[in-house]
Protein chains: 2
Amino acid sequence: MKKMTTNQAIQYKDSMKVPEPTLRRLPWYLSNVKLLKQRGERYVSSTQISKEINIDASQIAKDLSYVNISGRTRVGYEVDTLIAVLEDFLGFTDMHKAFLFGVGSLGGALLRDSGLKHFGLEIVAAFDVNPELVGTTLNGIPIFHSSEFEQKMREYDVNIGVLTVPIEIAQCITDTMIAGGIKAVWNFTPFRIRVPENIVVQNTSLYAHLAVMFNRLNFNEIK
Amino acid sequence: MKKMTTNQAIQYKDSMKVPEPTLRRLPWYLSNVKLLKQRGERYVSSTQISKEINIDASQIAKDLSYVNISGRTRVGYEVDTLIAVLEDFLGFTDMHKAFLFGVGSLGGALLRDSGLKHFGLEIVAAFDVNPELVGTTLNGIPIFHSSEFEQKMREYDVNIGVLTVPIEIAQCITDTMIAGGIKAVWNFTPFRIRVPENIVVQNTSLYAHLAVMFNRLNFNEIK
């Protein structure tokens, strides 16, 4: 690692590679602390969160050590501060702009889900080749022809692509996205896409989750 | 384990508790094999799948050993059979009926996503308390008042609940669902729900996935 100035060191700490399990648990703590706030609590300890959500207090304290916040002995973390710091740390307060590729059933559903905005993701435009969709808007979001992607990349300040195309073209569209300058792909297809090392892929396959749920359900019924 | 008859043994094998990573990878193989079929392939080996999706061939063979299919030396698996067996094994060919709770932004989006039906999940009714929604339908799916849940449980043959309510009521609605006979909860809220041991929970927090993606993106930009 190169020697860093103090400012760089702080910036580096803020954006260190946090383990994925920690990043997945932090939103649980956030939603729980929001709930405690609604109940009128002003301070919260990791022991309190632990009781609510059944995760070891030591694990919670360790996860929270990645976040730039310090609790006070006996009193714990101040609720308002913890919420603000967690939302900021998780990237929910910055607005990240994204393009969506493939306005089918799931793609259309995501365009309609305004909830993503509250968690820092704004889909600013979508792409498809269906002549019935191109030129229209969905939930206020314009749908362009896929051939317009490169031009739109220059117009919008976007670095995330949401992939909701049929599996046959999942790899091809991914390659196009990346050639156009997309840095992160949120892959909703059940297809395993290949990307260069510097590109982020987040796989969210609803179908894989269904498979796990069906298997567990079936297992419980038989046993 | 009790001694089983052959039929029971087969049934038991079909519904054994398959490791979650395997269940998450199998849909990748399925989509890949579907693609190979479109390209005109009649047989496929684990080595071939391995090259396409960059997972060790030995891992693929191991994962496929859970599925009731045998390949032929040198030739591999017959494509049509492998697709049929995988779809069946993953539960995508049976139709599992589900109720959805909370017709907000994400809930409404899921009701509109007809794609879930192709993977074995049919949302047959939804519940909310919003007087503007109760009594209407969305994508042909009726929306009932939450107070009608117990009655509807007796009318419909449902054992899966999709949870898309605000975090404040996530636990309360979960408890109601389970008291009414729901056996598996597909939890889309960022809230960690508590359930009895015999109840299946599948967490799919889009927001947790966003947090992981934002962190990785930020890390790549700084490094």
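Over residues 91-192 of chain A, the chain is 25% helix and 28% strand, with the end C-alpha atoms 25 Å apart. This stretch of the predicted model carries a label in UniProt, where an unreviewed entry places the feature "domain: CoA-binding" at residues 91-192 of chain A. The same kind of record gives chain A another label: the annotation "DNA-binding region", also from an unreviewed entry, covers residues 28-67. Here the make-up is 70% helix and 5% strand, and the end C-alpha atoms sit 14 Å apart.

The domain assignment cuts chain A into domain 1, residues 18-88, and domain 2, residues 94-206. Taken over C-alpha atoms, the centres of these two domains of chain A are separated by 33 Å.

Next comes the annotated binding site. In an unreviewed entry, UniProt lists Gly102(A), Val103(A), Gly104(A), Ser105(A), Leu106(A) and Gly107(A) under "binding site". From this set, Leu106(A) turns up in the lining of the largest cavity. Two of the listed glycines, Gly102(A) and Gly104(A), belong to the loop that runs between strand S3 and helix H6 of chain A. How buried or exposed is each of them? Gly102(A) has a relative accessible area of 10%, so it falls under the 20% limit and counts as buried. Gly104(A), at 41%, is partly exposed, because that value lies between the 20% and 50% limits. Setting aside neighbours within four places in sequence, Gly102(A) is in contact with Gly107(A), Phe127(A), Asp128(A), Thr164(A) and Val165(A).

Helix H6 itself, residues 105-112 of chain A, is mostly covered, with six of its eight residues buried. Those buried residues are Leu106(A), Gly107(A), Gly108(A), Ala109(A), Leu110(A) and Leu111(A).

Aromatic rings come up often, with 20 aromatic pairs over all chains. Why does the pair of Phe92(A) and Phe119(A) count as edge-to-face? The ring centres are 4.9 Å apart and the planes stand at 80°, so the pair fits that class, for which the angle has to be over 60 degrees. This pair links distant parts of the chain, 27 residues apart: Phe92(A) is in the loop between helix H5 and strand S3 of chain A, and Phe119(A) is in the loop between H6 and strand S4. Phe92(A) is buried at 6% relative accessible area, and Phe119(A) counts as buried too, at 14%.

Over in chain B, Phe127(B) and Phe149(B) form an edge-to-face pair, 5.8 Å centre to centre with 85° between the planes. Phe127(B) lies in strand S4 of chain B and Phe149(B) in helix H7 of chain B, so the pair ties together parts that are 22 residues apart in sequence. Phe127(B) is buried, with a relative accessible area of 1%, and Phe149(B) is buried at 2%. Back in chain A, ring pairs join Phe99(A), Phe101(A), Phe127(A), Phe144(A), Phe149(A) and Tyr156(A) into a cluster.

Last, the nonpolar core. In soluble globular proteins, nonpolar side chains tend to be buried together. The largest nonpolar core here has 107 residues, of which Tyr29(A), Leu121(A), Leu210(A), Tyr29(B), Leu121(B) and Leu210(B) touch the most other members. What does Leu121(B) contact, leaving aside its neighbours within four places in sequence? The partners from chain A are Leu210(A) and Phe214(A), and those from chain B are Met95(B), His96(B), Ala98(B), Leu116(B), Ile160(B), Val162(B) and Trp186(B).

Key:
Residues are numbered from 1 along each chain as its sequence is written. Chains are lettered from A and ligands numbered from 1 in the order in which they are written. Side-chain values use heavy atoms; hydrogens and water are left out. Buried means under 20% relative accessible area, exposed over 50%, partly exposed in between (1.4 Å probe, protein chains only). Helices (H or I, at least four residues) and strands (E, at least two) are DSSP runs, numbered from the N terminus. UniProt positions are given in the numbering used here, feature names are shortened, and annotations may be inferred rather than shown by experiment. A nonpolar core is a set of buried Ala, Val, Leu, Ile, Met, Phe, Trp, Tyr and Cys residues joined through side-chain atoms within 4.5 Å. Contact means heavy atoms within 4.5 Å. Domain bounds come from an automatic or database domain assignment. On a 1 Å grid over the protein atoms alone, a cavity is a set of points where a 1.4 Å probe fits but cannot get out, and a pocket is an open set with protein on both sides within 12 Å along at least five of seven lines; lining residues have an atom within 4 Å of a point. Rings of Phe, Tyr and Trp (its six-membered ring) pair if their centres lie within 6.5 Å; planes under 30 degrees apart count as stacked, over 60 as edge-to-face and the rest as tilted.
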